[in-house]
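Visitor: I am new to this structure, and I would like to understand how each description of it is justified. Could you take me through the reasoning step by step?

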Amino acid sequence: MGSNRLNAVALGNNPADLLLKNGRVVDVVTQTIYSGNIAIADGLIAGVGDYTEAKEIIDLQGAVVTPGFINAHLHVESSMAVPSVYCTEELAWGVTTLITDPHEIANVAGARGIRYMLEAGRSMPINYYVQLPSCVPATPFENAGTVMRAKDLVACMDWHGVLGLGEMMNLPGVLNEDVEVMQKLSVFRNEHRPIDGHAPGVTGRELAAYAAQGITTDHESVSWGEAREKLRSGIAVWARQGSASRNLEDILAGALAEGADFSRMGFCTDDKHLADIHREGTVRSMVLQAMGLGMKPLCAIAMATINPARVYGLNHLGEIAPGKQADLVVWDDLETLKPLKVFYKGRDALQSVAEKRRTVEVPGALLETVHLGDFAQQDLLLKIEDDRDYPVIEMLPGQIFTNALTIKGDKVKEFIAAGYMSYISVLERHHATGHIGKGLIWGYGLKRGAAATTVAHDSHNLIVVGQDALSMETAVRELENLGGGYALAEGDRVVESLALEVAGLMSIMDARNLTEKLEDISRTAHQMGVAEGVDPFISLSFMALPVIPKLKITDMGLFDVTKFEFVKF
C-alpha cells in the first residue's frame with residue numbers, strides 16, 4: 001500500500017477501510033488500557049484515536065481489543081491435523097501468528113514436507129512462519145526418512161515465511177563442535193536469523209557454551225531456576241503448556257515470587273492435541289493460567305504478543321500502533337477471554353475461513369510413507385531370562401522425561417503378567433530396513449492388548465507397546481495398512497484405529513470429526529489400562545526421542561540420553 005494513503009487515513013483526510021470504535025485498547029508497551037477508535041487501511045493500523053470515517057464501522061461497545069496472540073513455538077503435525085484445520089482452531093481462540101518448526105514432517109519427507117506445510121499454512125488468514133529443522137534426524141542414533149544437512153537448509157532459507165533455524169537438539173554436537181552442526185549454526189547466525197534452542201536441564205559452562213553459539217530461545221525449562229539461568233545467559237524463554245509437557249506453572253510461579261521481569265518471556269505449546277486446542281485454545285488458556293497464578297493481565301498479554309514479536313524480529317506484529325499489521329482480537333473481557341472477533345490484516349479471519357477455506361493438495365508421496373521390513377511376532381518382544389538384570393524405561397506422568405530402572409528378569413515376567421509393565425518396540429518404517437529396537441516400559445499402564453503409533457518423535461518410526469506378541473503384531477499391521485496413525489489391538493482383533501495418512505502424522509479429517517476420533521481412541525486406550533495422567537499416544541510418542549533424558553528407545557535400541565550411548569545388556 002502506498003504510504004500516502006496511510007498518511008491520509010492517519011491524518012483523518014481519507015476514510016479508513018475499517019473502523020473499530022468504542023474499544024478498550026490494550027497497549028502492551030505501557031501495559032495500560034485506554035479508550036479509542038482503531039482506524040485500519042489496507043491491512044495496517046493507521047491510527048488509534050477519535051477517528052469517525054470509514055467504509056465499514058463496527059461498534060465494539062466497550063469490548064477489549066488486544067494484538068493477535070503469538071504461539072512462539074509449535075509443531076503443527078503434533079495436533080494430527082493438516083495446517084488448514086490446525087490454523088482454523090488457533091484463529092478461533094485469538095492466535096494470529098504461529099512460529100512453527102516442521103521437523104516432524106521433515107524427518108519423514110525432508111524439504112518436500114516443509115514446503116507442503118508452508119504452502120498449506122500460508123493459504124490461511126494467519127501469519128505462518130517456519131523455523132527450519134536443525135536436526136533431521138535428531139541424532140545419529142535412529143533412522144529417519146531423510147537427512148538434512150546445512151546445504152539442504154541453505155536451499156530453503158529464502159522461502160517466503162522462513163524465519164530462522166529450528167530447535168538445536170544436538171547439544172553434544174554443539175559442545176564438541178561437530179562440523180555439520182557448527183556450519184548450520186554459523187549460517188543462520190551470520191544472517192542474523194533467530195535460532196531456537198533445546199537445552200533441557202543444561203546449566204553452567206555447558207549452557208554458556210551453548211548460548212554463545214547464537215541461541216535465541218529455549219522452551220524446555222521445567223522450573224523457574226532453570227528458566228532464570230537461561231534468561232541470564234541471554235536466551236529468551238518460552239513457558240510451555242502442551243498436552244504432555246505442562247511446565248508453565250512451575251516457571252511462572254517462581255518468577256512471580258521473585259518479581260522477575262517478563263519482557264524476554266512468552267508462551268508456547270510445543271505439542272498439543274487438537275482436542276485440547278478445540279476445548280480451550282492455546283495461548284489464550286496460558287494467559288488465563290498466568291493470571292490465575294497472580295500475573296497482571298496486561299503483563300500476560302504482553303507475553304502473548306509483543307515479547308515473542310520482538311525476539312523473532314517481527315516488528316510489524318505484536319502491538320496496536322500506527323503502521324503495524326492489523327491483527328487484532330476483540331474479547332468480551334480480560335477475566336474470561338472469550339474471543340468475539342479475530343482480525344487478520346484488518347479482515348475478519350473467522351468469516352474468511354468460513355466463506356472459503358483454501359486447501360493445498362497433499363503430494364502423493366506424503367500419503368505413502370510406511371515401509372516396514374519383514375518381521376515375525378516374536379521379533380517384537382525382548383527375550384527375558386530369569387537371572388538377568390534388565391533396564392526399564394519409567395514413564396513420569398505429565399512429563400516427557402523418563403527415569404531408568406533396573407529389574408531382574410523373573411520379576412519382569414511377573415510384572416508383565418500382572419499388567420504393571422509392558423514390552424516396547426520401535427520399528428524402522430521409512431526404508432524397510434527391518435531394524436527393531438526392543439525394550440521394557442513401566443508406567444504406561446496398559447493391562448491388555450497393544451497400542452501403536454507412527455507418531456514417534458522425532459524420526460517417526462513405528463512405536464508399539466503391548467502385553468503380548470500377537471496384539472503387538474496386529475496393531476503394527478493395522479498401521480501398515482492405514483499408511484500410519486494410531487492403533488489399539490487385542491489378540492488378532494483391531495480394537496480401534498485412526499488413520500494419519502499424511503506422512504503418518506496428520507489426518508485430512510475436519511476438526512470436529514478428528515477431535516471426536518482422537519477422544520474416542522484415547523478413551524478406549526484408558527479403558528485398556530493406560531494410566532491416568534498419561535496421554536495414550538502423545539506421551540508414548542516421546543519414548544522414542546533420544547534427546548530428552550534419561551532412557552529412551554529408537555529403532556536401533558535402548559538409548560541412555562545422559563551418557564548419549566546405547567545401553568548394552
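Guide: Let us start with L334, which counts as buried because its relative accessibility is 11%, and buried means under 20% relative accessible area. Please keep in mind throughout that this is a predicted model.

Visitor: Where does L334 lie, and which residues is L334 in contact with?

Guide: L334 is placed in the loop between β14 (328-331) and β15 (339-344). Leaving aside its neighbours within four places in sequence, L334 is in contact with I33, V64, M291, P297, L298 and I301, where contact means heavy atoms within 4.5 Å. The C-alpha atoms of L334 and R5, by comparison, are separated by 34 Å, and these two residues are 329 residues apart along the chain.

Visitor: What makes N307 buried or exposed?

Guide: N307 has a relative accessible area of 5%, and since the limit for buried is under 20%, N307 is buried. N307 is found in helix α13, which covers residues 306-311, and, not counting residues up to four places away in sequence, N307 touches F262, S263, R264, M265 and A302.

Visitor: How many of the residues in the protein are buried, as a percentage?

Guide: Buried residues make up 63% of the 569 residues in the protein.

Visitor: How do you know what radius of gyration a compact globule would have, and what does the protein have?

Guide: The rule for a globule is 2.2 Å times the number of residues to the power 0.38, so that with 569 residues a compact globule would have a radius of gyration near 25 Å, and the 24 Å of the protein agrees with this. Along its principal axes, the C-alpha trace spans about 85 × 50 × 45 Å. The secondary structure comes to 18 helices and 27 strands, and, of the contacts with a separation of 6 or more, 69% are accounted for by residues 24 or more positions apart.

Visitor: How many disulfides does the structure hold, and how do you know?

Guide: The structure holds zero disulfides, and the test for one is a pair of cysteine sulfur atoms within 2.5 Å. C87 is in no disulfide, the nearest cysteine sulfur, that of C268, being 17 Å away. For C135, the closest cysteine sulfur is in C156, and at 15 Å it is too far for a bond.

Visitor: Why are C87 and C135 called buried or exposed?

Guide: C87 counts as buried because its relative accessibility is 0%, and C135 counts as buried at 4% relative accessibility, with the limit set at under 20%.

Visitor: What makes the peptide bond from H457 to D458 worth pointing out?

Guide: Most residues other than glycine have a negative phi, and most peptide bonds are trans. The peptide bond from H457 to D458, however, is cis, with omega near -5 degrees, and D458 lies in the loop between β21 (450-453) and β22 (462-466). A cis peptide bond also joins P549 and K550, where omega is about 0 degrees, and K550 lies in the loop between α18 (538-541) and β25 (551-554).

Visitor: Which phi values do N22 and Q31 have, and why are these residues called partly exposed?

Guide: N22 has a positive phi of about 60 degrees although it is not a glycine, and N22 is found in strand β1, residues 16-27. Q31, also not a glycine, has a positive phi of about 55 degrees and is placed in the loop between β1 and β2 (32-41). Partly exposed lies between the limits of under 20% for buried and over 50% for exposed, so N22 at 40% relative accessibility counts as partly exposed, and Q31 is partly exposed with a relative accessible area of 35%.

Visitor: What makes an empty space a cavity, and how many does the structure hold?

Guide: A space is called a cavity because a 1.4 Å probe fits there but cannot get out. The structure holds six cavities of 30 Å³ or more, and about 80 Å³ of space lies in the largest cavity. The largest cavity is lined by 17 residues, of which E167, D270, D271, F542 and L545 lie nearest its centre, and its lining divides into five nonpolar, five polar and seven charged residues.

Methods:
Residues numbered from 1 in each chain as written. Predicted model: local features only at pLDDT ≥ 70, side-chain atom pairs only at ≥ 80, totals over all residues. Heavy atoms only, no water. 1 Å grid on protein atoms, 1.4 Å probe; cavity = no way out; pocket = protein on both sides within 12 Å on 5 of 7 lines; lining within 4 Å. Points joined across faces, edges and corners; volume = space filled by probe spheres on them. Nonpolar A, V, L, I, M, F, W, Y, C, P; charged D, E, K, R; others polar. Buried < 20%, exposed > 50% of the residue type's maximum accessible area, 1.4 Å probe, protein only. Helix = DSSP H or I, 4+ residues; strand = E, 2+ residues; numbered from the N terminus.
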